[in-house]
Amino acid sequence: MIENELKALAGLYDRMDKAYGELAARSRFSCGGCADNCCTQRFHHHTLAEYLYLLEGLKRTEARTRETIIKRARIVVESYSHELQAGEIFKLMCPVNFDGLCALYQWRPMICRLHGLPHFFLMPDGSRKAGGGCHRFPATDSSMLDRTPFYTALAGIEKRLREQLGFRERFKKTTAQMIMEMSLELDIDEM
Ligand code: SF4
């Protein structure tokens, strides 16, 4: 059942949050007081599972907030096409961010949860890929978050969901693009 997979995803997100919190605490890394906001990063999401989970959050959000999110998402998505004309990538705030805080925090996607910590993951062929963390992460600390179990578990949830829904399309969307698709699905237009 789809509900079971979304429940499994909720459990996986809890494990991610716990692993992130533990490493951040050990390394004395905190976002507190930072003038930047990572929600201006152009994150792409790659799973239908995370789309459906975020959709649950959007459905449960208070109507005015939902309408504002959709209105902002439209502006962000329209800005992508203006980037082509301008020949530059704009720094655009995620439409879900309100005064520095995520309005769908409980339902936010994986990359929003893991961003900031140095990390690595093992590919199916055994090769290792690594990525840096936030510039505020202590330069003398060599700790890294192993994302492998999270990616593997998410791939399993995605595989089961796709099989159940008969979904075969490639998925790569920003949060703004997902919100615009959700607005069509919910048949909601902005105010
Ligand atoms: S979904 Fe939430 S945490 Fe993720 S980029 Fe948007 S506002 Fe930030």
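**Exercise 1: after the first helix**

Task: Which residue follows H1, and is its phi positive or negative?

Solution: Let's walk off the end of the helix.
- Step 1: H1 is followed by Arg28, and the phi of Arg28 is positive, near 50°. Helices (H or I, at least four residues) and strands (E, at least two) are DSSP runs, numbered from the N terminus.
- Step 2: A quick word on what you're looking at: this is a predicted model, in which local features need pLDDT of at least 70 and side-chain atom pairs count only at pLDDT 80 or more, while totals for chains, interfaces and linings use all residues. Residue numbers start from 1 along each chain as its sequence is written.
- Step 3: Arg28 has this positive phi although it is not a glycine, and Arg28 sits in the loop between H1 and H2.
- Step 4: Arg28 counts as exposed because it has 9 C-beta neighbours inside 10 Å. The cut-offs go like this: 20 or more other C-beta atoms within 10 Å means buried, 12 or fewer means exposed, and anything in between is partly exposed, with C-beta atoms placed from the backbone.
- Step 5: Now try Asp99, which lies in the loop between strand E1 (97–98) and strand E2 (101–102). Asp99 is not a glycine either, and its phi is a positive value near 50°. With 5 other C-beta atoms within 10 Å, Asp99 is exposed.

**Exercise 2: checking a helix with a ruler**

Task: How far apart are the end C-alpha atoms of H1, and what span should its 25 residues have?

Solution: Grab the rule first, then compare.
- Step 1: The expected span is 1.5 Å times one less than the number of residues.
- Step 2: For the 25 residues of H1 that gives 36 Å, and the end C-alpha atoms are 36 Å apart, which agrees.
- Step 3: Do it again for H2, whose 13 residues reach 19 Å from first C-alpha to last, close to the 18 Å expected.
- Step 4: Next, burial: in H1 the buried residues are Glu5, Leu9, Leu12, Tyr13 and Leu23. An α-helix has 3.6 residues a turn, so residues three or four places apart point the same way.
- Step 5: The cover over the buried residues of H1 includes H2, helix H4 (110–114), strand E5 (145–146) and H5.
- Step 6: Not everything in H1 is tucked away: Glu3 is found in H1 and is exposed, with 8 other C-beta atoms within 10 Å.

**Exercise 3: the nonpolar core**

Task: How many residues make up the largest nonpolar core, and which have the most contacts inside it?

Solution: Start from the core, then zoom in.
- Step 1: The largest core has 26 residues, with Leu54, Ile69 and Ile179 having the most contacts inside it. Such a core is a set of buried Ala, Val, Leu, Ile, Met, Phe, Trp, Tyr and Cys residues joined through C-beta atoms within 7 Å.
- Step 2: Two or more residues come from each of helix H1 (2–26), helix H2 (48–60), helix H3 (63–86), helix H5 (148–165) and helix H6 (175–186). H2 gives the largest share, 5 residues.
- Step 3: In H2, the buried residues are Ala49, Glu50, Tyr51, Tyr53, Leu54 and Leu58, and they pack against H1, H3, H4, H5 and H6.
- Step 4: Setting aside neighbours within four places in sequence, Leu54 is in contact (C-beta atoms, placed from the backbone, within 7 Å) with Leu104, Trp107, Pro109 and Met178.

**Exercise 4: the sheet**

Task: What is the strand order in the open sheet of 3 strands, and which strands stand at its edges?

Solution: Go strand by strand.
- Step 1: The order is E4-E3-E5, with mixed pairing; strands pair if DSSP finds at least two bridges between them.
- Step 2: Strand E4 (128–131) and E5 are the edges, each with a single partner strand, so one side of each lacks a neighbour in the sheet.
- Step 3: E3 (residues 119–122) and E4 run antiparallel and share 4 bridges, whereas E3 and E5 pair in the parallel sense over 2 bridges.
- Step 4: Phe120 has Ala130 as its bridge partner in E4 and Asp146 in E5.
- Step 5: E3 and E4 form a hairpin with 5 residues between them, and Gly126 in the turn has a positive phi of about 95°.

How values were computed
Two residues are in contact if their C-beta atoms, placed from the backbone, lie within 7 Å.
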